[in-house]
Amino acid sequence: MIPSGPSPVPENEHLRLARDAEGCIDILSAPPGIDPEDCLYVVLHVDGPALVRRHGSSTVLAPGDLLIGTSPHPAGLRWDAGCRMVRYRVPCFYLGVCRDDVRRAGGLVARGSEGVGSLASQLLRTLATRAPAHRARPGDCLARSTSDILAVLVTELLEREAPEDPSGSAHLLARIRAHIEENLADPGLAPESIARSQHISVRYLHKLFQQDGTTVGQWVRQRRLDACRRELERPSRRPTSVAAVAHRWGFVSHSHFSRAFRDAYGISPREWQAYAAPADGRRPC
């Protein structure tokens, strides 16, 4: 017998959650130029007996727990009659993760009673009870906050799934990435300065990133683009020019930044800024 536990939401909100459980709630709509099918699905367990089977073992789900995968109906999920769940969908574009990484992990489970999982669970419940057929653009603060927390949670869960590296190179790569994050705004950030900061050779630096399936330059450029994308979508009382944002995050050439942004996201920086603006038009584009 699977214990059901108490419901994580007030009784008067159950009907709204149950009605949404027939389909998916779109946390954020995919922006122009992005494949709308490139999404992750999040299942929020509301109440009732349920468990998930992964890698030969079973995990009993408590109210508020989350399942993250590439399908709205995870293959390993089992539940009894009367079990209530809410399903959400969010484009990978907003999470900064790859569907294949989650697929290889066989899905991810997060407890809704601890850490980042608790924050994500609370925001998802709030989102579900606010609008049964919710679909928002990045200017929606609640939807944006929810996707940001999910991005942190998914990254954290994938790191836990990664096998230990006996050589210690994974730990070194994590340190290098942290150094890059701290110095993204420096236009002089380059393989030479990065290698020097970690007391390794430039050749070994390139080897570490090649083992991870990318290059140093690609990683730095993508992290800068992600930072620009987040800043351009952030509501502001003062107009922010695309050129100023690009310069602030280490791009010397505005034209190079615009090309790189379009190559990465399929949309120009100005188009993205206009798309991400609140629907009421109060934020200048």
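**Close-up 1. Ring pairs link Phe93, Tyr94, Phe251, Phe257, Phe261, Tyr265, Trp272 and Tyr275 into a cluster.** Welcome to this predicted model! The count of aromatic pairs comes to nine. One of them joins phenylalanine 251 to phenylalanine 257 in a tilted arrangement, with 5.0 Å from centre to centre and 55° between the planes. Phenylalanine 251 and phenylalanine 257 are both buried.

**Close-up 2. Phenylalanine 261 and tyrosine 265 meet edge-to-face.** Here the ring centres are 4.8 Å apart and the planes make an angle of 65°. Phenylalanine 261 and tyrosine 265 are four residues apart in helix H11 (residues 254-265), so about one helical turn separates them. Both residues are buried.

**Close-up 3. Two arginines sit over aromatic rings.** Look for arginine 229, whose charged end is over the ring of phenylalanine 93, 4.6 Å from the ring's centre. Phenylalanine 93 is also a member of the ring cluster. Elsewhere, arginine 177 lies over the face of tryptophan 219, at 4.2 Å from the ring centre.

**Close-up 4. Strand E3 pairs with strand E6 and with strand E4.** Four of the five residues of E3 (residues 50-54) are buried, so the rest of the structure largely encloses this strand. With E6 (residues 77-79), E3 pairs in the antiparallel sense over three bridges, and alanine 50 stands opposite tryptophan 79. E3 and E4 (residues 57-60) also run antiparallel, joined by four bridges; one bridge partner to find is serine 58 in E4, across from arginine 53.

**Close-up 5. A hairpin turn connects E3 and E4.** Two residues lie between the strands, and histidine 55 in the turn has a positive phi of about 55°.

Notes. Residues numbered from 1 in each chain as written. Predicted model: local features only at pLDDT ≥ 70, side-chain atom pairs only at ≥ 80, totals over all residues. Heavy atoms only, no water. Phe/Tyr/Trp six-rings, centres within 6.5 Å; stacked < 30°, edge-to-face > 60°. Buried < 20%, exposed > 50% of the residue type's maximum accessible area, 1.4 Å probe, protein only. Lys NZ or Arg CZ within 6 Å of the ring centre and 35° of its normal. Pairing = 2+ DSSP bridges.
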